[in-house]
Amino acid sequence: MNKDFIAISDYAPQEIQDILDLAIRLKEEWKAGGNQPILKNKVLGMIFQKPSLRTRVSFDMAMRHLGGDALYLSPNEIGLGKRESIADIARVMSGYVSAIMARVFDHQHVVELAKWSSIPVINGLSDYNHPCQGMADAMTILEYKGTLKGKNVTFVGDGNNVAVSLLHVCSMLGANFTIAGPEGFDIPLNALEVGQKFAAQSGSKIRSMRDVHAAVADADVIYTDTWTSMGQEEETARREQAFASYQVNASLVAEAKPDVIVMHCLPAHRGQEITDEVADGPHSALFPQAHNRLHAQKAILVHLLRED
């Protein structure tokens, strides 16, 4: 078993499916009256270089629901790799808490934390990928569609960290993945190659397109994300111009399957990548998706910390 949860692609497809099945069971258990305190006396140390609503609250509450606790560490308190070396931080925290969740700018920072830590490290987001979001996304598609196998998932927008993890979980579990975006904003080649290897095993297809209308035709899922992520603010004007024709609006959604669901990892810039009419409309899965961060992360935590 992997010590850490740094990338979905570090796991075998069946392992990812098992964690998703566990997430669904833990959600059902919570709704039926509460989870068992299987992480009693466990503490999750949460390192944040980037602010977050969903990541912070969902991990904190996940630990509480499972009988454990969580400790928030702000950028000013840690200074990851600046005030103190990442290797030293990892080794110090390994003696204080049961696991580390890190939300970072540079993917190498979370990789280095895992290298030097003797406890599990969870990637809460990096510039390369967002595996916890990808697990919640897959869980949401399972709940709405029953399976990922053979489903058509179209990502509209930037080939960013969210798109990378969605590509990997879809290709692993047999969903056809299409990304539609302007030239210069494609999924990184190394991440695409990983997805292609999984797709070859699962029999799914991966497409990259410029024509958003062709991309959403026959889509079971339309997914979008902000055009400008944290740390890219100086590119805002250029990005808004490049992505102007890639807005997920009612007319675009109407070109997909009648029962298509629309997803967004949030926060949403309403009126840019998605309209209010879609975000709050009958096809929207935005808030069930956000809530599934809680339960998907419970499953990741239990997978890493449960003492069998």
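In the predicted model, cysteine 132 is buried, its relative accessible area being 0%. Cysteine 132 belongs to helix α6, which comprises residues 131–145. When neighbours within four places in sequence are set aside, the contacts of cysteine 132 are with Phe5, Phe59, Ile122, Asn123, Arg293, Gln297 and Ile300. Glutamine 133, also placed in helix α6, is likewise buried, with a relative accessible area of 2%. Residues up to four places away in sequence being excluded, glutamine 133 touches Val162, Tyr223, Cys265, Gln289 and Arg293. Arg293 thus appears among the contacts of cysteine 132 and also among those of glutamine 133. In the unreviewed UniProt entry, the annotation "binding site" covers Arg103, His130, Pro131, Cys132, Gln133, Cys265, Leu266 and Arg293.

One of the annotated positions, Leu266, takes part in an unusual backbone feature, in that a cis peptide bond joins leucine 266 and proline 267, with omega at about 5 degrees. Proline 267 is situated in the loop between β9 (261–264) and α12 (276–279).

The domain assignment divides the protein into domain 1, made up of residues 8–130 + 290–305, and domain 2, made up of residues 131–288. The contact between them draws 34 residues from domain 1 and 31 residues from domain 2, and the C-alpha centres of the two domains are 24 Å apart. An area of about 2800 Å² is buried between domain 1 and domain 2, with carbon and sulfur atoms giving 69% of that area. On the side of domain 1, Ile8, Tyr128 and His130 lose the most area to domain 2, and together these residues make up 25% of what that side buries. His130 is also included in the "binding site" annotation of the UniProt record.

Polar interactions across the interface of domain 1 and domain 2 comprise 15 residue pairs in polar contact, both residues being at pLDDT 80 or more. The side of domain 1 that touches domain 2 receives at least two residues from each of α1, α2 (54–65), β4 (121–125) and α13 (286–305). The search across this interface also finds 1 salt bridge. Glutamate 143 and lysine 27 meet through their side chains in a salt bridge, with an N to O distance of 3.0 Å.

Over the whole structure, 14 salt bridges are found. In general, side chains of opposite charge can pair when their charged atoms come close. One of the pairs is formed by arginine 91 and aspartate 88, whose closest N and O atoms are 2.9 Å apart. Both arginine 91 and aspartate 88 lie in helix α4 (residues 86–93), where a separation of 3 residues corresponds to about one turn of the helix. Arginine 91 is partly exposed at 45% relative accessibility, and aspartate 88 is partly exposed with a relative accessible area of 34%.

A further salt bridge is made by the side chains of lysine 257 and aspartate 218, at 4.0 Å from N to O. Because lysine 257 is placed in the loop between α11 (250–253) and β9, while aspartate 218 is placed in the loop between α9 and β8, this pair ties together parts that are 39 residues apart in sequence. Lysine 257 is partly exposed, at a relative accessible area of 25%, and aspartate 218 is also partly exposed, at 47% relative accessibility.

The side chains of arginine 238 and glutamate 235 meet in another salt bridge, with 3.2 Å from N to O. Through salt bridges that share partners, Asp158, Glu235, Arg238 and Arg239 are joined into one network. Within this network, arginine 238 is partly exposed, with a relative accessible area of 48%, and glutamate 235 is partly exposed at 23% relative accessibility.

With respect to backbone geometry, aspartate 218 has a positive phi of about 70 degrees although this residue is not a glycine. The loop that holds aspartate 218 runs between α9 (212–216) and β8 (221–224). Asparagine 41, likewise not a glycine, has a positive phi of about 70 degrees and is found in the loop between α1 (13–31) and β1 (43–48). Asparagine 41 counts as exposed at 68% relative accessibility, whereas aspartate 218, at 47%, counts as partly exposed.

Notes: Residues numbered from 1 in each chain as written. Heavy atoms only, no water. Helix = DSSP H or I, 4+ residues; strand = E, 2+ residues; numbered from the N terminus. Buried < 20%, exposed > 50% of the residue type's maximum accessible area, 1.4 Å probe, protein only. UniProt positions renumbered as here; feature names shortened; annotations may be inferred. Contact = heavy atoms within 4.5 Å. Domains from an automatic or database assignment. Buried area = accessible area lost by both parts, 1.4 Å probe. Polar contact = N/O pair within 3.5 Å; in protein donor to acceptor, adjacent residues only side chain to side chain.
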